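Colleague: Hi, have you got a few minutes to walk me through this one? I'd like to get a feel for the fold before lunch.

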Amino acid sequence: MTEIVVYEVDKPVAHRSSTGSASGVERRVRKVHVAPAAPGSRTTAGPRTLCGKDTFAMETARWTPSEEPGALWYPAEYASVVCPDCAAVIEV
């Protein structure tokens, strides 16, 4: 089975530059989940994460889990926001 890492994100927040104009949009990652790939795809997440959440409003990570034994399935910078339920399922 192929797993896809997805991000549960906050609503977008516009950042202002020093001149007061909008300089971009940032979306803070609230939780990192993992979902099985959609049937027939290796790059699109299926409809539910391993913990049962809907993936519709989640963003697909550019991160690809390593095939190396013991490697992390999530980007290291998001270790503090990994979904514990997804982690428990994938580590079995």
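Modeller: Sure, let's go through the fold, the sheet, the aromatic rings and the pocket.

Modeller: One thing to keep in mind is that this is a predicted model.

Colleague: Noted. What does the secondary structure of the chain come to?

Modeller: There are five strands and one helix. Going along the sequence, the pattern reads β-β-β-β-β-α.

Colleague: And how are the strands in the open sheet ordered?

Modeller: The open sheet has three strands in the order E4-E1-E5, and their pairing is antiparallel. Strand E4 (29–36) and strand E5 (59–60) are the edge strands, each pairing on one side only.

Colleague: How many bridges are there between E1 and E4?

Modeller: Seven bridges, with the two strands paired in the antiparallel sense. Strand E1, residues 3–9, is joined to E5 by two bridges, and that pair runs antiparallel too.

Colleague: Can you give me a residue to look at? Which residue in E4 is the bridge partner of valine 6?

Modeller: That would be histidine 33. On the E5 side, valine 6 stands opposite threonine 60.

Colleague: Is E1 largely enclosed or left open?

Modeller: E1 is largely enclosed by the rest of the structure, because six of its seven residues are buried. For the chain as a whole, buried residues make up 30% of the 92 residues.

Colleague: OK, changing topic. How many aromatic pairs does the structure hold?

Modeller: Two. One of them is tryptophan 73 with tyrosine 74, whose ring centres are 5.1 Å apart. Their planes are at 85°, so this pair counts as edge-to-face.

Colleague: Are those two residues buried or exposed?

Modeller: Both tryptophan 73 and tyrosine 74 are buried.

Colleague: What about the helix, then? Which residues does alanine 87 touch, beyond its neighbours within four places in sequence?

Modeller: Alanine 87 sits in helix H1, residues 84–90. Setting those close neighbours in sequence aside, alanine 87 is in contact with Trp73 and Val82. So tryptophan 73, one ring of that edge-to-face pair, is also a contact of a helix residue.

Colleague: How far apart are alanine 87 and tryptophan 73?

Modeller: They are 14 residues apart in sequence, and 8.7 Å apart in space from C-alpha to C-alpha.

Colleague: And why does alanine 87 count as buried?

Modeller: Its relative accessibility is 12%, and buried means under 20%.

Colleague: Good. Now the surface: what is the volume of the largest pocket?

Modeller: About 490 Å³. The pocket is lined by 22 residues, and the closest to its centre are Glu3, Thr64, Pro65, Ser66 and Glu67.

Colleague: Which element gives the most to that lining?

Modeller: E1 does, with three residues.

Colleague: How much accessible surface does the chain have?

Modeller: The total comes to about 6300 Å², and 52% of that belongs to carbon and sulfur atoms.

Colleague: Last one: what share of the contacts with a separation of 6 or more is between residues 24 or more positions apart?

Modeller: That share is 51% for this chain.

Colleague: Great, thanks for the tour!

Note on methods:
Residues numbered from 1 in each chain as written. Predicted model: local features only at pLDDT ≥ 70, side-chain atom pairs only at ≥ 80, totals over all residues. Heavy atoms only, no water. Pairing = 2+ DSSP bridges. Helix = DSSP H or I, 4+ residues; strand = E, 2+ residues; numbered from the N terminus. Phe/Tyr/Trp six-rings, centres within 6.5 Å; stacked < 30°, edge-to-face > 60°. Buried < 20%, exposed > 50% of the residue type's maximum accessible area, 1.4 Å probe, protein only. Contact = heavy atoms within 4.5 Å. Areas by Shrake-Rupley, 256 points an atom, 1.4 Å probe, with all protein chains shown as cover. 1 Å grid on protein atoms, 1.4 Å probe; cavity = no way out; pocket = protein on both sides within 12 Å on 5 of 7 lines; lining within 4 Å. Points joined across faces, edges and corners; volume = space filled by probe spheres on them.
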